[in-house]
Amino acid sequence: MRITLRQLEVFAAVASHGHVTRAAEAVALTQSAASMALADLERQLSVQLFDRVGRQLLLNEAGRQLLPRAQQVLDQVREIEAGAAGSAAFDLHLGASLTIGNHLLPPLVAELQRRHPQGRVRLSLHNTEQVRADLLAFRIDLGFVEGPVQEPRLRRFSWRPDRLQVFAPAGHPLAGGTATPADLAGAGWVLRERGSGTREVFDRALANATLTPRVALELEQPEAIRQCVRAGLGLGCLSRLELEDAFQAGWLAPVAAPFLNLERDLQVLVHADRHLSPGLLAVLALCGIEI
């Protein structure tokens with residue numbers, strides 16, 4: 001066999017970072033050595049794996065077919081090395097939607113590190129669409145999302161239920177009361193951006209109620225939405241996980257909308273071709289997910 005593990009490692013790093021320079025840094029090689037390893041791999045396979053767009057390298061069809069298999073090989077070799085050394089160490093990169101990352105993952109990660117002190121965990125927070133993209137590109141190992149994801153290349157596990165809540169500032173006519181469809185149709189809204197799981201659930205709920213929201217602002221951060229609603233810029237809709245403290249403090253108030261279906265399942269996602277290492281299995285077990 002002429003393909004080396006170093007070539008596959010460089011290939012996977014370039015696929016993740018999109019640039020040889022960043023990939024070389026990630027695998028502790030010089031740029032010239034990384035470029036040579038990638039060129040040798042393409043020559044040995046007699047196929048180009050990336051499309052060159054300026055200085056950026058984008059996976060083409062051949063590269064997309066190779067990446068899951070290369071990642072599986074690398075994961076298994078790392079597991080062999082750790083087992084031979086008698087080490088229980090792992091290095092996981094988790095991706096999560098903002099609400100999950102801010103409210104649910106910190107205690108889970110703390111418990112994981114208590115049980116596995118040699119393990120290392122990194123966490124990136126993005127919206128659901130970005131978590132999906134990072135999983136498909138093998139930039140992260142496991143994803144935690146709030147929105148429904150229909151992607152055959154990903155395995156989906158139901159984790160726990162959640163519910164969105166319409167809310168208003170204290171003193172608003174609807175604060176603490178029950179809204180009618182006409183109330184919501186006439187209101188301005190401060191909402192999460194498109195691509196977020198929260199926004200997808202909200203849009204679907206209003207569409208099912210034949211309502212079209214009048215969007216005043218779209219924001220990426222839940223805290224910014226809370227503060228804009230507090231300032232009177234419109235109604236909001238976020239997970240109750242994001243709102244309990246503000247409800248208790250009295251500066252925001254729930255608005256009941258019984259005609260909207262705002263229930264959702266939080267999900268854990270993993271690439272279908274990702275090797276389930278002991279570290280990944282440990283995280284899934286903490287989530288109550290049995291493989």
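1. Ala33 is a convenient place to begin reading this predicted model, and Ala33 belongs to helix α3, which covers residues 31-45. With a relative accessibility of 30%, Ala33 counts as partly exposed, because that class lies between the cut-off of under 20% for buried residues and that of over 50% for exposed ones. Ala33 and Val10 are separated by 23 residues in the sequence, while their C-alpha atoms are 9.5 Å apart in space.

2. For the chain as a whole, the secondary structure comes to 12 helices and 11 strands. The C-alpha trace spans about 70 × 45 × 30 Å along its principal axes, and of the 291 residues in the chain, 48% are buried.

3. Helix α6, made of residues 105-115, shows how burial can be arranged around a helix, for its buried residues are Leu105, Leu108, Val109 and Leu112. When the helix is seen down its axis, the buried residues of α6 fall within an arc of 95°, and they therefore line one face of the helix. Pro107 and Arg114, by contrast, are exposed and lie on the other side of α6. A general point helps in reading such a pattern: an α-helix has 3.6 residues a turn, so residues three or four places apart point the same way.

4. Helix α10, residues 222-230, can be read in the same manner, and here Pro222, Ile225, Arg226, Cys228 and Val229 are buried. Seen down the axis of α10, these buried residues fall within an arc of 165°, so that they too line one face of the helix. After α10 comes Gly232, which has a positive phi, near 90°. Arg230, for its part, has its charged end over the ring of Trp251, at 4.3 Å from the centre of that ring.

5. How many aromatic pairs does a search of the whole structure find? The search gives three. In one of them, the ring centres of Phe144 and Trp159 are 5.3 Å apart and the ring planes meet at 65°, which is why the pair is edge-to-face, since planes over 60 degrees apart are placed in that class. The pair links distant parts of the chain, as Phe144 is in strand β5 (residues 142-145) and Trp159 is in strand β6 (residues 154-169), 15 residues apart. Both Phe144 and Trp159 are buried, and Arg160 lies over the face of Trp159, at 6.0 Å from the ring centre.

6. The second largest pocket has a volume of about 380 Å³. Its lining is made up of 19 residues, and those closest to the centre of the pocket are Leu59, Arg64, Leu67, Leu136 and Ala137. The elements that give two or more residues to this lining are α1 (5-17), β2 (56-59), α4 (61-84) and α7 (128-136), and the largest share, four residues, comes from β2. Sorted by kind, the lining residues of the second largest pocket divide into 10 nonpolar, five polar and four charged.

7. Two residues deserve a careful look at their backbone, beginning with Phe138, whose phi is near 60°, a positive value in a residue other than glycine. Phe138 is found in the loop between α7 and β5. Is Phe138 buried or exposed? Its relative accessible area is 7%, and Phe138 is therefore buried, as the cut-off for that class is under 20%.

8. Thr210 is the other of these two residues, with a positive phi of about 55° although Thr210 is not a glycine. Thr210 lies in the loop between α9 and β8, and its relative accessible area of 68% makes it exposed, because values over 50% are counted in that class.

9. Pro213 is also found in the loop between α9 (197-208) and β8 (214-219). The relative accessibility of Pro213 is 21%, so that this residue counts as partly exposed, and the reader may note that the cut-off for a buried residue is under 20%. Pro213 and Gly188 are 25 residues apart in sequence, and their C-alpha atoms are 7.3 Å apart in space.

Definitions and conventions: Residues are numbered from 1 along each chain as its sequence is written. This is a predicted model: local features need pLDDT of at least 70, side-chain atom pairs count only at pLDDT 80 or more; totals for chains, interfaces and linings use all residues. Side-chain values use heavy atoms; hydrogens and water are left out. Rings of Phe, Tyr and Trp (its six-membered ring) pair if their centres lie within 6.5 Å; planes under 30 degrees apart count as stacked, over 60 as edge-to-face and the rest as tilted. Buried means under 20% relative accessible area, exposed over 50%, partly exposed in between (1.4 Å probe, protein chains only). A charge sits over a ring if NZ of Lys or CZ of Arg is within 6 Å of the ring centre and within 35 degrees of the ring normal. The arc is that of the directions from the helix axis to the C-beta atoms. On a 1 Å grid over the protein atoms alone, a cavity is a set of points where a 1.4 Å probe fits but cannot get out, and a pocket is an open set with protein on both sides within 12 Å along at least five of seven lines; lining residues have an atom within 4 Å of a point. Grid points are joined across faces, edges and corners, and a volume is the space filled by probe spheres set on the points. Ala, Val, Leu, Ile, Met, Phe, Trp, Tyr, Cys and Pro count as nonpolar, Asp, Glu, Lys and Arg as charged, and the others, Gly among them, as polar.
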